[in-house]
Amino acid sequence: MTTYIIRRLLLVIPVLFIVATVTFFLMHNVPGGPFTMDRPLPPAVQRNLNHKYHLDKPVWEQYLLYLRDVLHGDFGESFAQRGRSVASIIKHEFKPTAQLGIAAFLVAAVVGITLGATAAFNQNGPIDYLCVFFSTIGASFPSFIIAAFLIILFVVKLHWFKQLGWGDLRHDVLPVISLAFLPASYISRITRASVLEVIRQDYVRTARAKGLREIAVDLRHVLRNSLIPILTLLGPILAGLLSGSFIIEYVFSIPGIGRETVDSIFNRDYGVIMGTTLFYAFLIVIANLVVDILYAAVDPRIRYS
Amino acid sequence: MATVEDAGVFSAGEVYGRQRNLWVDAFRRLIRNRFALIGLIVVATFAILAIFAGPLGRYDPYNYQNYSALNQAPSLKHFFGTDDIGHDNWARVLVGLRVSLSVSLSVAAIVFLIGTAMGCLAALGGNATDTIVMRIVDIAYAFPDLLLIIIIEAVFRAGLWQTIVAISLVAWTTIARLVRGQMLSLKQSDFVLAARTIGASEPRIIVQHILPNTLGPVIVALTFIIPAAIFSEAALTFVGFGLPPPTASLGRLIFHGYETISVNPWIVTFSALAVALLMLSFTFIGDGLRDALDPRSRGAK
């Protein structure tokens, strides 16, 4: 197991290297540059800036310089927000995104698992139909559509919340619901299917036959075993929430890392594009790794060599 | 359904007939599924509305601007109301449907071709090509989808075809993975072994036996790629990439509707509902197709 983890961790390096390479050359093929914006700088200033950031060198040379800097732990500086380092931007802007993402993740997991399990234990009952309805509908309502309906109801009609702003807990409610809706419906669908499968297993009948109380059978034997397939989903869902929330950050004008990334692509802010893409890729790869390890930890049938 | 009794004596013609009925059977099962049928009807209706967006829209979606009727609620004159510069929202939603449908169906077609080709290449092309193709797929998985699409889109610049290509370049990996897995397991199956024993050539086995059997799961996966593509286009346009203005795609309508949401919630409501209904219908069709094409569920009804 330890060798497996070490091998997987070592594999992270080539993956990040290739992600860096692909992004670097893609981004340098985007027409325009960081200093060719609407308000043109004097040619001499432009020349000096280009020289300072090595933008006057051939792309492959810039690429090698960038790799050298990254290997020394230096992710460079932002062009658009002069004076701020990419590392500090990521550190600062990731906080709201992480706060929202983790809150939405917890809401989605709790709501999804509770709803899915309750539905399966009462198969064909009203809660079951509600769950099936919710999981089918939920999968077709992307976050920004949920957000639109939430805003119309709670901001425009009821005046319970404000749409824009960031900082106090009230501002978290609508974005978290918008983000959690789709993953919650997804988790409830998988939980329901998984519980329904486990309920019919022989060891559940055995547990019941030996006289265990119903609640003990449901929690210890059914739910615990049906959570295994859900575990594999949670990693990608968390990674998706942390990397895919930029639309919600736009809608509620939250100063998060997703918005920063999209803005950096607009501004040709090369350092920030590279930094945030690498950061995201790292999150996704690590999330997948953690899931694989967890999978082996909870299911004794799975062994990695 | 055929029972054991009427399978007693059968001619070659009957066998051939049953084989051809596979797709007819699947379609029959599909429309027996109530949700899938609703999905099909909604998609068909939306397609008709999109194709005849011109006459059905009643107003010019771009050039008609009525400055004495701004931000109106739905009425007989303007079915879906008007926006803050007097555009008729009904006409614009119809054009938006046209954009969303053409983007998503084109993406599905391109993804089908690239995904199947790459999947075949990986499964049948030997170890070296398999490794190369699957490493490309793995790398693509390490990128956040929408951000990769945005970077590709930025390289190509905004536009209809550019959006389609950018979404396709990211979405094909799912199909390639699926086709490869299917083919690798079909290669080991008994009916392929049987075909090989009676002397069928390798290309014939692939074209006649393996390829048609991978088609079912691929079609199901494609119906789920369609709503994902509708979402991607809307999301891209929403944050300012995707289709350039003035194109009235559903993403732009939602984006524009957000700006006036406090004075006129109708714009965002109707365009968001159109996206959601479209995605929901394709999901229903996909679910129905999965049941209809799954050989294990056959004969159960």
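This report describes a predicted model of two chains, A and B, and the contact between them.

## The two chains

Chain A is made up of twelve helices and zero strands. Chain B has eleven helices and, likewise, zero strands. Read from the N terminus, the elements of chain B run α-α-α-α-α-α-α-α-α-α-α.

The C-alpha trace of chain A extends over about 85 × 60 × 30 Å along its principal axes, and that of chain B over about 80 × 50 × 25 Å. Chain A has 305 residues, of which 35% are buried; in chain B, 43% of the 301 residues count as buried. Contacts between residues at least 6 apart in sequence often link distant parts of each chain: 75% of those in chain A join residues at least 24 apart, and the corresponding share in chain B is 69%.

## The contact between the chains

The contact draws 36 residues from chain A and 31 residues from chain B. On the side of chain B that touches chain A, the elements giving two or more residues are α5 (127-142), α6 (145-156), α9 (202-238), α10 (250-259) and α11 (266-293). Helix α11(B) supplies the largest share of that side, with eight residues. Sorted by class, the side of chain B that touches chain A holds 26 nonpolar residues, four polar residues and one charged residue.

## Helix α6(A) against helix α11(B)

Two packed helices are described by the angle between their axes and the distance between the axes. For helix α6 of chain A (residues 143-157) and α11(B), the angle is about 145° and the axes are 10 Å apart. The crossing of these two helices is left-handed.

Where do α6(A) and α11(B) meet? From α6(A) come A:I145, A:A148 and A:I152, and from α11(B) come B:V268, B:T269, B:A272, B:V275 and B:A276. By class, seven residues in this contact are nonpolar, one is polar and none is charged. An α-helix has 3.6 residues a turn, so residues three or four places apart point the same way. The spacing of the contributing residues of α6(A), namely A:I145, A:A148 and A:I152, may be read in that light.

## Form and surroundings of α6(A)

Helix α6(A) has 15 residues and reaches 20 Å from its first C-alpha to its last, which is close to the 21 Å expected at 1.5 Å a residue. A kink of about 30° is present in α6(A), and it is centred on A:I151. Just after the helix, A:H159 adopts a positive phi of about 55°.

The buried residues of α6(A) are A:S143, A:F144, A:I145, A:I146, A:A147, A:A148 and A:I151. Their packing partners come from both chains: α7 (173-199) and α10 (246-251) of chain A, together with α9, α10 and α11 of chain B. Two of these buried residues, A:I145 and A:A148, also meet α11(B). The kink centre, A:I151, is likewise buried.

## A residue of helix α1 in chain B

B:F27 lies in helix α1 (residues 12-32) of chain B. Is B:F27 buried, exposed or partly exposed? It counts as partly exposed because 13 C-beta neighbours lie inside 10 Å, whereas a buried residue needs 20 or more and an exposed one has 12 or fewer.

B:F27 is also placed beside a residue far along the sequence: B:A292 is 265 residues away in sequence, yet the two are 7.3 Å apart in space, C-alpha to C-alpha.

Note on methods
Residues numbered from 1 in each chain as written. Chains lettered and ligands numbered in written order. Predicted model: local features only at pLDDT ≥ 70, side-chain atom pairs only at ≥ 80, totals over all residues. Contact = placed C-beta atoms within 7 Å. Helix = DSSP H or I, 4+ residues; strand = E, 2+ residues; numbered from the N terminus. Nonpolar A, V, L, I, M, F, W, Y, C, P; charged D, E, K, R; others polar. Axes fitted to C-alpha atoms, helices over the stretch in contact; angles between N-to-C directions. Left-handed = near helix turned anticlockwise from the far one by under 90°. Expected span 1.5 Å × (residues − 1). Bend = angle between axes of the 7 residues up to and from the residue.
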